[in-house]
Every structure is written in structure tokens, then in C-alpha cells.
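User: Can you walk me through a few local features of this model?

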Amino acid sequence: MKRQIFAAEHDAFRETVRTFLAKEVLPHYEQWEQDGVVSREAWLAAGRQGLLGLAVPEEYGGGGNTDFRYAAVLAEEFTRAGAAGLAVGLHNDIIGPYLTGLGTEEQKRRWLPGFCSGETVTAIAMTEPGAGSDLQGIRTTAEDKGDHWLLNGSKTFISNGILADLVIVVAKTTPEGGAHGLSLLVVERGTAGFERGRNLDKIGQKAQDTAELFFNDVRVPKENLLGELDGAFVHLMTNLAQERMGIAVAGIAAAEYLLEITTAYVKEREAFGRPLAKLQHIRFEIAEMATECAVTRTFLDRCIVDHSNGELDAVHASMAKWWATELQKRVADRCLQLHGGYGYMTEYRVAKAFTDGRIQTIYGGTTEIMKEIIGRSLLG
């Protein structure tokens, strides 16, 4: 079915993204995977091309365009290229809204120009060794010392953790407040007591630097409080719908791409003297995946439009995230199986997609948490 949510300007932007990927990303990607991190030059190149800060107001160096369809194009093309390492979606769609929506005028002028140029790479540090989605379990503390906060604690699984110049840290500022005693503090590269641990060895997304972060008596200036004191819970909940939509968009794009390359493979690969595509079981597998992708795409495109219009709620974002990522996982598994032994070889895109995509049902809120959100909305 022909997609109807994009206009000519979105199509032109898609060509820009594809050209950028072909020139600035794909020739270097194998090396980045070996290094466990992308080059800073790639971030600068993305900034020069106007791919960073799409929704940031023009006065701070951004694109000034809040139409989420541009973010969807970015997510789709980076997914099809297998280039999750350059985490522009995290930078633009997850961290960007915190800076633009919560930042003071002084903070915006200090941080956003570098955010848009690629000179300032960003991360958000929420997850801890003993606390993932449960915000009440956060142990990192920030003690009010008058003219600064004294930050102590550790975080793990932090995307962009090695490269980040600016880290939004979720910390406990009112110990007795539980989830409602948390605040967002911005820690900048080079701050005394802020240290990076290991670049974690993951099963997939090898080029994406994911690190442990440690804060030992870090003096955070009072002017680096982002948003309201003890307001992190509300701030985090406000921005989760967009985070989950970005993950969902990547999920359906990955499933569609895997179906595309597997359809081509079974037409060419022969077994028992004829192409795999001539076998009824193979045709049924392809038919099932194609139908599941088509139905999911229709729902996702509706969610993209609703979100662009400011009408998408947390429940439908959770539905999109759960369904699209679980579909991605199923399709990756089935497509690898249809490739046979070649599917297990890392030189084949299906193998890389299988490992790269496995995190999709976990980060941004697990499938189980998505179901809980949906269930509560229906059953109280």
C-alpha cells in the first residue's frame, strides 16, 4: 500500500539522509564497530548536513521544525542502513525535548548551538545497576550545598556514554520523596569527579558506545538544574511517548527491510533443484510476515501523524512500541531461519539485524511494561 503521510519535502529530506549515510557513515561503519564507537567527525558531519536539532528553534542553530515525520524519516533510513551506532534519534528525539522544553534561556544559549552543530554529543543517564524502569529504585543522590549540588552515584547502559559532552543525570534530591523526589542535573564533560567506566560489550549495535558512568562528589552548578526541582518524574513521563515512537518507527522499518531482503534471497536460493520461493511453506512464511508488516505499518503511520499533530497519548505510544518491536524480533528470527546457515554469518545483513534489533523490546520500556501501561488504562 502506498504510504500517504509524507509530502514532497519529506521525500526530499529522505534523499538527503540517504546521501549522508552513503557518504559519511557506511564507508566507515565497519571500523566503528571494531572501535566500539563512532568518530566525532560523523557527528560534526551530521550537524553540517542539518540532521541534528531538527526541532530546535532556529535562533539556537536548529531546524525549527517540530513535524515528527522528519524524525521518522531519519529513523527509517538509519535502520535500513543498519547504522544504529550514530545515535541521532537519541540525541534529537529523546534528549532534545528536555533541553528545548525545560531549559532556561541561559541554558538554551549555552547548550543548544553545540547540540545542533554536533560539537556537543548528549546522553541521558537514568538506568542504574539496581534500577531500570523502576524510578523509585534510583540511588544516585544530589545533595544541596548552597551554591552547587554534590552528586554521587553510578549509572549503567548509557547510550553515547563514552562520547557524551553533556549528560542529563536523574538523581535523588529529596531522599524521602521516592519517585517524586528526583531531579534532572546536567553534568558536562571534564567536571571533576565525573568518570566513565567500561564501554560495554553488547551482542549487537557494536558501533554504539554504551557505558558505565560514575559520579564521585561531583560539584554540579545550581544553574545546571534542568526543569523543576523534584520534577524529574513528570518531566520523564512527558517525553516517553516520543522516545517510544522513535523505537517503534525503527522497529517496523527493520521488519520491512528484513522482509524485503529475505524475499529476494528465497527467489534466488535453490534447494532440491528449484528456488526456495517455489515451496509452499516459504510462500506462507513470506505471506504472513508481509501481512503483519502491512497491518503494523498502517497503525504506525497513524501514530506518526497523530504525534506530529500533538495528539498521540502514552497508551497508543506504548501499543506502537510493544507491537512494532515484538514484530521486528519475530521477523528477524524467521528471516534468519529462511536464510539457513548463511543467516548465521555476520557478513549477511540478516544476522546483524538479528543481534542489533534484539534490544528493541527492552530499552525505552520493556514489552512487559508497555502491556502494564495499556492494561492499567483499560482496567484501572
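Analyst: What follows covers aromatic rings, charges over rings, one annotated domain and one histidine. The model is predicted, so local features need pLDDT of at least 70 and side-chain atom pairs count only at pLDDT 80 or more, while totals for chains, interfaces and linings use all residues. Residues are numbered from 1 along each chain as its sequence is written, and side-chain values use heavy atoms, leaving out hydrogens and water.

User: How many aromatic pairs are there in the whole structure?

Analyst: The search finds 6. Rings of Phe, Tyr and Trp (its six-membered ring) pair if their centres lie within 6.5 Å; planes under 30 degrees apart are stacked, over 60 edge-to-face, the rest tilted. Trp-322 and Trp-323 are edge-to-face, because their planes meet at 85°, with centres 5.8 Å apart.

User: Which charged end sits over the ring of Trp-323?

Analyst: That of Arg-330, 5.6 Å from the ring centre. The criterion is NZ of Lys or CZ of Arg within 6 Å of the ring centre and within 35 degrees of the ring normal. Lys-222 lies over the face of Trp-149, at 5.1 Å from the ring centre.

User: Switching topic: is His-307 buried or exposed?

Analyst: Buried, at 17% relative accessibility. The cut-offs are under 20% relative accessible area for buried, over 50% for exposed and partly exposed in between, with a 1.4 Å probe and protein chains only.

User: What does His-307 touch, beyond its neighbours within four places in sequence?

Analyst: His-307 is in contact (heavy atoms within 4.5 Å) with Phe-68, Gln-242 and Leu-312.
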